[in-house]
Amino acid sequence: MAVTPDDFFNAAMLDQPRNTMNKFGSLVTNINVTQFPGLNTLGISYARIDYAPLGVNTPHLHPRATELLTVLEGTLYLGFVTSNPNRLFSKVVKKGDVFVFPKAMIHFQMNLDHEKPAAALSSLSSQNPGVITIASAVFGSKPPISDDVLAKAFQVEKKLIDWLQNQFWENTNY
């Protein structure tokens, strides 16, 4: 297949807010090698994240990328957790601030405003960063992880695990 100038252009209109009417109050618009063939082998991708008032980009990780997030509008509470020991690094950031999430670290963002939406742009260090949404992976896998395993791991009763596994899990991350 011949390469064309259109392989190096994407009319994603990232300046436009997206619809955040879902149970998390956030939406991620990806610009990776799947939507933008010109990124192939370049080791970069991009995303816009929109947040409703109090919207959350749920805890997730990118197994193949570091993420650099820039706040476009609003005030976000965000952070990541290191591995062993599990230490939280969190901050409240506002328009113009930049925060980095190291590769493969669980991270999240939340719009702190009760009335106004927020938005951010993220640069990722892979043309295909991947995403693992923690709650969806643990409680929404198909087939499900044994409730015996999860009850023991989380030190809760099996009926709570069964309830969590019966929720409708969706992935709104990258």
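## Exercises: rings, cores and charges

With 13% relative accessibility, Phe99 counts as buried (under 20% relative accessible area; exposed is over 50% and partly exposed lies in between, using a 1.4 Å probe and protein chains only). Keep Phe99 in mind for the first exercise.

Before you start: this is a predicted model, where local features need pLDDT of at least 70, side-chain atom pairs count only at pLDDT 80 or more, and totals for chains, interfaces and linings use all residues. Residues are numbered from 1 along each chain as its sequence is written, and side-chain values use heavy atoms, with hydrogens and water left out.

**Exercise 1.** Work out how the rings of Phe80 and Phe99 are arranged.

*Solution.*
- Step 1: Rings of Phe, Tyr and Trp (its six-membered ring) pair if their centres lie within 6.5 Å; planes under 30 degrees apart are stacked, over 60 edge-to-face, and the rest tilted.
- Step 2: The centres of Phe80 and Phe99 are 6.2 Å apart and the planes sit at 55°, so this pair is tilted.
- Step 3: Now place the two rings: Phe80 belongs to strand β5 and Phe99 to strand β7, 19 residues apart. Strands here are DSSP runs of E with at least two residues, and helices are runs of H or I with at least four, numbered from the N terminus.
- Step 4: Phe80 counts as buried too, at 11% relative accessibility.
- Step 5: Zoom out, and ring pairs join Phe80, Phe89, Phe99 and Phe101 into a cluster.

**Exercise 2.** Find which strands supply the largest nonpolar core.

*Solution.*
- Step 1: A nonpolar core is a set of buried Ala, Val, Leu, Ile, Met, Phe, Trp, Tyr and Cys residues joined through side-chain atoms within 4.5 Å.
- Step 2: The largest one has 17 residues, and Ile49, Leu78 and Phe101 are among those with the most contacts inside it.
- Step 3: At least two of its residues come from each of β2 (45-51), β4 (67-73), β5 (75-81), β7 (98-101) and β9 (118-124).
- Step 4: Don't miss the second, separate core, which has 6 residues, including Leu14 and Phe36.

**Exercise 3.** Are the partners in the Asp50 and Arg48 salt bridge buried or exposed? Then look at Lys95 and Glu73.

*Solution.*
- Step 1: A salt bridge puts a side-chain nitrogen of Lys or Arg within 4 Å of a carboxyl oxygen of Asp or Glu.
- Step 2: Asp50 and Arg48 meet at 2.9 Å, N to O, and both are buried.
- Step 3: Lys95 and Glu73 meet at 3.1 Å, N to O.
- Step 4: Lys95 is exposed at 55%, while Glu73 is partly exposed at 41%.
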